[in-house]
Amino acid sequence: MTTPVIGVLALQGDVREHLIALASADAVARPVRRPEELAEVDALVIPGGESTTMSKLAVLFGMLEPLRERVRAGMPVYGTCAGMIMLADKLLDGREDQETLGGIDMIVRRNAFGRQNESFEAQVDFAGIEGGPVEGVFIRAPWVESVGGAAEVLATYDGHTVAVRQGNVLATSFHPELTGDDRVHAYFVDMVRAGL
């Protein structure tokens, strides 16, 4: 069985937690900050954090176009929270200068579940993951307003779409890396492995 090399975009956000979760899911995990590091990985996780800051840092570090190129070329990518925002083709409530990578035909609303002090945890039924619901940690989380025909809704919470997949690209509103339950990361690692 091939062990994929999966990078975690290490510009801002909860990088360490994703590195640990990916290693637990039998991947080689490494931080990615520069285009040459991006070129060395099979796949990428875009962590939670602050999406406008992440967008600006991607431009500053010369990562925005290389990221877009790899996503367009079919590299598997998984985005959590701010990472979901980065993978949206369209954004609601974003800043005018905010850049996204695209990759999933979806419209995402930033901070849809409320402010920091309204953060919460909830059980989420996730299509394709066995063993019961996954624990979702929602921190200033977005939700998906709508998806195009190519995107598949994998999970909803309180009537809102919170997990989506389109081909090799996966996104969740919530942070599974903060729970100790590595099943969503294992799902992504399996996606990556299937393409190697």
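User: In this predicted model, are Y78 and F188 buried or exposed?

Analyst: Both Y78 and F188 are buried in this predicted model. The term requires a relative accessible area under 20%.

User: What makes the pair of Y78 and F188 tilted?

Analyst: The ring centres of Y78 and F188 are 5.7 Å apart, with 45 degrees between the planes. Centres within 6.5 Å qualify as a pair, and planes that are neither under 30 degrees nor over 60 degrees apart count as tilted. The pair of Y78 and F188 is therefore called tilted.

User: Which parts of the chain does this pair tie together?

Analyst: Y78 belongs to strand 4 (residues 77-80) and F188 to helix 6 (residues 183-195), so the contact ties together parts that are 110 residues apart in sequence.

User: Why is the pair of F113 and F120 called edge-to-face?

Analyst: Their ring centres are 5.6 Å apart and their planes stand at 70 degrees. Since an angle over 60 degrees counts as edge-to-face, the pair of F113 and F120 receives that name.

User: Why do F113 and F120 fall into their accessibility classes?

Analyst: F113 has 15% relative accessibility and therefore counts as buried, the limit being under 20%. F120, at 22%, counts as partly exposed. Both residues belong to one aromatic cluster, whose members are F113, F120, F138, W143, Y157 and F174. The count of aromatic pairs comes to 10.

User: How do you know that R110 and E50 form a salt bridge?

Analyst: The side chains of R110 and E50 meet at 3.2 Å, N to O. The cut-off is 4 Å between a side-chain nitrogen of Lys or Arg and a carboxyl oxygen of Asp or Glu, so the pair of R110 and E50 qualifies. R110 lies in the loop between strand 6 (104-109) and strand 7 (120-124), and E50 in the loop between strand 3 (43-46) and helix 3 (51-60), so the bridge ties together parts 60 residues apart in sequence.

User: What makes E50 buried?

Analyst: E50 has 18% relative accessibility and on that basis counts as buried, because the class covers values under 20%. R110 is buried as well.

User: Why does the contact of E50 with R140 count as a salt bridge?

Analyst: The N to O distance for E50 and R140 is 4.0 Å. The rule accepts distances within 4 Å, so this contact is counted. The pair links distant parts of the chain, 90 residues apart: E50 in the loop between strand 3 and helix 3, and R140 in the loop between strand 8 (134-138) and strand 9 (143-147). R140 has a relative accessible area of 30% and is therefore partly exposed.

User: How do you know that E145 and R109 form a salt bridge?

Analyst: The closest N and O atoms of E145 and R109 are 2.7 Å apart, and a distance within 4 Å is what the term requires. E145 lies in strand 9 and R109 in strand 6, so the pair ties together parts that are 36 residues apart in sequence. E145, at 38% relative accessibility, counts as partly exposed, and R109 is likewise partly exposed at 24%.

User: How many salt bridges does a search of the whole structure find?

Analyst: The search finds 10 salt bridges. Elsewhere, R34, E36 and E37 are linked in a network of such contacts.

User: Which residues are closest to the centre of the largest pocket?

Analyst: G49, E50, C81, I139 and R140 are the closest to the centre, out of 15 lining residues. The largest pocket holds about 170 Å³ of space. By class, the lining has 4 nonpolar, 7 polar and 4 charged residues.

Notes. Residues numbered from 1 in each chain as written. Predicted model: local features only at pLDDT ≥ 70, side-chain atom pairs only at ≥ 80, totals over all residues. Heavy atoms only, no water. Helix = DSSP H or I, 4+ residues; strand = E, 2+ residues; numbered from the N terminus. Buried < 20%, exposed > 50% of the residue type's maximum accessible area, 1.4 Å probe, protein only. Phe/Tyr/Trp six-rings, centres within 6.5 Å; stacked < 30°, edge-to-face > 60°. 1 Å grid on protein atoms, 1.4 Å probe; cavity = no way out; pocket = protein on both sides within 12 Å on 5 of 7 lines; lining within 4 Å. Points joined across faces, edges and corners; volume = space filled by probe spheres on them. Nonpolar A, V, L, I, M, F, W, Y, C, P; charged D, E, K, R; others polar.
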